[in-house]
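User: I have a model open and want to go through a helix and a sheet. Can you take me through them?
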Amino acid sequence: MKAIVYAEYGQPDVLQLKEVAKPAPTDDEVLIKVHAVSVNRSDWEGLIGKPLYARIGGLRKPSNKILGSDIAGRVKMAGKNNNQFQPGDEVFGEMGDYHGGFAEYVCASGRILALKPADMTFEEAAAIPQAGVIALQGIRDKGQIQPGQKVLINGAGGGAGMFAIQLAKLYGAEVTGVDNTGKLDFMRSLGADHVIDYTREDFTKNGKQYDFILDLIAYRSAFAYARALKPNGSYYAVGGSVATFLQFLLIGPWIRRASGKHVRVLAVQRNRKDLEHITDLCKTGKIIPFIDKRYSLSEVPEALRYLGEGRAKGKVVITVE
Ligand SMILES: NC(=O)c1ccc[n+]([C@@H]2O[C@H](COP(=O)([O-])OP(=O)(O)OC[C@H]3O[C@@H](n4cnc5c(N)ncnc54)[C@H](OP(=O)(O)O)[C@@H]3O)[C@@H](O)[C@H]2O)c1
């Protein structure tokens with residue numbers, strides 16, 4: 001089969017389209033013909049090997065040579081212990097180890113997959129899993145948003161942020177989106193009441209405070225984030241540097257005791273129920289999974305470059321012929 005592979009961490013030019021062996025499913029897996037796979041920041045991080053957590057499983061060189069997490073496709077073969085899906089089923093989901101999707105075929109455990117709604121394209125389905133579930137677990141579960149509350153989403157013009165803005169609006173929040181200059185209108189179009197350009201303004205220094213902050217790209221000190229929270233407010237980081245996360249683990253409990261504010265890391269739990277819930281919201285039009293650009297499998301390097309250079313709004317999707 002054809003796949004986009006890499007043997008060392010680096011910029012998109014280390015990626016190559018190659019002919020590799022088609023994977024064979026274990027007894028618990030299904031073999032899927034990939035029709036679409038979306039691009040996430042986790043792919044970019046896995047490509048460049050930063051932050052450090054992107055090197056889990058391969059400190060000096062990537063151990064799994066095919067990136068790509070969010071796949072949608074058709075089941076070709078099911079392992080003998082897999083009684084959830086049959087050959088021919090159209091499925092989608094996020095790969096357990098963030099790898100394997102930039103290829104014509106992939107093997108996945110049935111546990112992480114859901115049936116693709118018939119009225120959704122493979123591209124639309126592939127745009128949902130990782131970003132949609134991050135947003136759901138952040139805004140619905142950790143945020144417990146009440147109507148009228150002030151919510152800030154940092155990195156709101158990307159994949160997870162695009163879902164998070166719309167979800168927070170659905171729960172009745174007053175939403176502030178933070179991202180670069182080129183994404184301000186996009187965040188407004190998703191429903192953000194206020195937008196902040198991170199290249200011009202630091203939201204932790206402007207004196208404003210929020211009930212809940214979801215951060216897709218954390219790199220400041222825990223004290224800076226606590227400053228931007230109202231009393232009893234909560235902050236959750238999803239992506240960012242390892243040093244920042246460690247700092248939250250060490251200082252977060254102290255901040256909570258001193259001020260009642262929560263500064264924590266959100267460890268996302270993949271599960272089919274949440275994937276189906278966010279997909280239902282997309283199916284009924286309550287949330288629009290905006291796809292900025294589509295590329296072919298051979299164009300994965302350009303797709304990753306587009307995301308890595310900070311131009312991608314919402315999602316970027318690869319169509320696999
Ligand atoms: N915690 C978990 O369990 C878990 C699970 C899965 C994934 N993740 C992580 O979650 C993150 C999800 O990100 P995503 O897929 O939504 O990424 P994305 O699509 O790249 O969105 C991130 C957005 O943040 C913007 N940004 C960059 N620097 C910024 C800054 N200083 N201030 C504000 N915004 C900034 C980016 O814009 P530019 O274009 O300007 O760069 C981009 O629009 C990834 O880091 C991923 O590894 C965490």
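**Helix H1 and the parallel sheet**

Analyst: The residue that follows H1 is Gly 49, and its phi is positive, near 75°. Bear in mind that this is a predicted model.

User: Is H1 mostly covered or mostly open?

Analyst: Mostly covered: H1 spans residues 41–48, and 6 of its 8 residues are buried.

User: Which ones are buried?

Analyst: In H1 the buried residues are Ser 42, Asp 43, Trp 44, Glu 45, Gly 46 and Leu 47.

User: And what do the buried residues of H1 pack against?

Analyst: They pack against strand E3 (29–39) and two helices, H3 (129–142) and H9 (300–308).

User: Moving to the sheet. What is the strand order?

Analyst: E10-E9-E8-E11-E12-E13, an open sheet of 6 strands with parallel pairing. Strands E10 (194–197) and E13 (262–265) are at the edges with a single partner strand each, so each has one side without a neighbour in the sheet.

User: How much are neighbouring strands turned against each other?

Analyst: By 15° on average, direction ignored.

User: How many bridges between E8 and E9?

Analyst: There are 5 bridges, in the parallel sense, between E8 (residues 150–154) and E9 (residues 174–179). Leu 152 stands opposite Thr 176 in E9.

User: Which strands does H4 lie across?

Analyst: Helix H4 (residues 159–170) lies across E8, E9 and E11 (210–215), and runs at about 175° to E8.

User: What about H7, which strands does that touch?

Analyst: H7 (residues 242–259) packs on the sheet and touches E12 (229–237) and E13. The direction of H7 makes about 155° with that of E13.

Technical notes. Residues are numbered from 1 along each chain as its sequence is written. This is a predicted model: local features need pLDDT of at least 70, side-chain atom pairs count only at pLDDT 80 or more; totals for chains, interfaces and linings use all residues. Side-chain values use heavy atoms; hydrogens and water are left out. Two strands pair if DSSP finds at least two bridges between them. Helices (H or I, at least four residues) and strands (E, at least two) are DSSP runs, numbered from the N terminus. Axes are lines fitted to C-alpha atoms, for helices over the stretch in contact, and angles run from 0 to 180 degrees between N-to-C directions. Contact means heavy atoms within 4.5 Å. Buried means under 20% relative accessible area, exposed over 50%, partly exposed in between (1.4 Å probe, protein chains only).
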